[in-house]
Amino acid sequence: MITGPSGVGKGTLIRGLLERVAGLGLSVSATTRPPRAGERDGVDYYFMTPEEFEAHVAAGDFVEHATYSGQQYGTLRSELERRLAAGRGAVLEIEVQGARQVRSAMPDAVAVFIAPPSREALRARLLGRGTDSAAQVDARLRMAEREIEAQPEFAHVVVNDRLEHATEELIGIVRAAIDP
Ligand code: 5GP
């Protein structure tokens with residue numbers, strides 16, 4: 001699983017990982033957040049109403065779930081199992097609270113924390129992304145500050161300074177885990 005603050009570039013690094021390591025599948029998460037422009041249901045996320053999400057929580061369908069910036073996010077057990085059955089590994093892109101839950105439920109899962117080179121760099125990225133309002137960016141930055149504090153909990157840390165270098169590092173960690 002890949003974790004770290006929102007805006008740190010987890011998605012871009014994961015795209016590089018999936019392109020270059022065969023047999024990995026990205027687990028599509030469920031969320032109550034409304035789709036951003038261009039996001040597709042079942043591809044980027046399974047978009048759900050809060051009621052639908054709660055029904056899955058009550059049924060025990062989630063491996064992990066968390067509230068982030070006022071919205072719910074979670075990994076469906078069915079999705080994870082499908083990805084694991086289809087290949088050599090499933091990649092989860094999740095925030096820190098969810099990563100902690102996965103770590104205790106599946107201690108063998110490889111956890112990688114993606115860290116920003118600096119707080120300023122993270123702020124610039126969140127603002128530059130242009131997908132969130134100023135208030136949302138502020139809320140995400142406050143969350144990010146707390147998430148950065150979780151970094152020492154994770155055995156593997158990749159600083160996303162130069163993309164190519166960070167992607168290579170991530171690939172090295174994953175390759176070592178699946179082909180020891
Ligand atoms: P965004 O709204 O920017 O797509 O995602 C916000 C945060 O939620 C990001 O840090 C993202 O990695 C995280 N996230 C996405 N899917 C999941 C999930 O299934 N579970 C958890 N715990 N976090 C998720």
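Is glutamate 19 buried or exposed? In this predicted model, glutamate 19 has a relative accessible area of 66% and is therefore exposed, the cut-off being over 50%. Glutamate 19 belongs to helix H1. Its C-alpha atom lies 28 Å from that of arginine 123, a residue 104 positions away along the chain. A second charged residue, arginine 129, is located in helix H5. With a relative accessibility of 34%, arginine 129 falls into the partly exposed class. The C-alpha atoms of arginine 129 and histidine 56 are 31 Å apart, and 73 residues separate the two along the chain.

The largest nonpolar core was examined next. This core comprises 22 residues, and those with the most contacts inside it are Ile2, Leu17, Val112, Ile114 and Leu170. At least two residues of the core come from each of H1, strand S8 (112-115), H5, helix H6 (134-148) and H7. The greatest contribution is that of H7, which provides 5 residues. In soluble globular proteins, nonpolar side chains tend to be buried together.

Aromatic contacts were also computed. The model contains 5 aromatic pairs. In one of them, the ring centres of phenylalanine 53 and phenylalanine 62 are 4.5 Å apart and the ring planes meet at 25°, so this pair is classed as stacked. Phenylalanine 53 and phenylalanine 62 are both buried. Another pair joins tyrosine 68 and tyrosine 73; here the centres are separated by 6.2 Å and the planes lie at 80°, so the arrangement is edge-to-face. Tyrosine 68 has a relative accessible area of 4% and is therefore buried. Tyrosine 73 is likewise counted as buried, because its relative accessibility of 14% is under the 20% limit. Through ring pairs, Tyr68 and Tyr73 are linked with Tyr45 and Phe47 in a cluster. A further contact of a ring involves a charge: the charged end of arginine 103 sits over the ring of phenylalanine 154, at 5.0 Å from the ring centre.

Pockets were then considered. The largest pocket encloses about 960 Å³ of space. Its lining is made up of 32 residues, of which Gly11, Arg36, Glu39, Tyr45 and Glu93 are the closest to the pocket centre. Tyr45, one of these, is also a member of the aromatic cluster described above. Helix H1 (10-20), strand S5 (62-68), strand S6 (71-76) and helix H5 (119-129) each contribute at least two lining residues. H1 supplies the most, with 5 residues. By class, the lining of the largest pocket consists of 12 charged, 10 polar and 10 nonpolar residues.

The second largest pocket holds about 360 Å³ of space. It is lined by 20 residues, and Met1, Gly89, Ala90, Ala109 and Val110 are the closest to its centre. Helix H3 (77-86), strand S7 (89-91) and helix H7 (163-178) each provide at least two residues of this lining. The lining of the second largest pocket contains 17 nonpolar residues, together with 1 polar and 2 charged residues. Helix H7 thus appears both in this lining and in the largest nonpolar core, to which H7 gives the most residues.

Technical notes:
Residues numbered from 1 in each chain as written. Predicted model: local features only at pLDDT ≥ 70, side-chain atom pairs only at ≥ 80, totals over all residues. Heavy atoms only, no water. Phe/Tyr/Trp six-rings, centres within 6.5 Å; stacked < 30°, edge-to-face > 60°. Buried < 20%, exposed > 50% of the residue type's maximum accessible area, 1.4 Å probe, protein only. Lys NZ or Arg CZ within 6 Å of the ring centre and 35° of its normal. 1 Å grid on protein atoms, 1.4 Å probe; cavity = no way out; pocket = protein on both sides within 12 Å on 5 of 7 lines; lining within 4 Å. Points joined across faces, edges and corners; volume = space filled by probe spheres on them. Helix = DSSP H or I, 4+ residues; strand = E, 2+ residues; numbered from the N terminus. Nonpolar A, V, L, I, M, F, W, Y, C, P; charged D, E, K, R; others polar. Core = buried A, V, L, I, M, F, W, Y, C linked by side-chain atoms within 4.5 Å.
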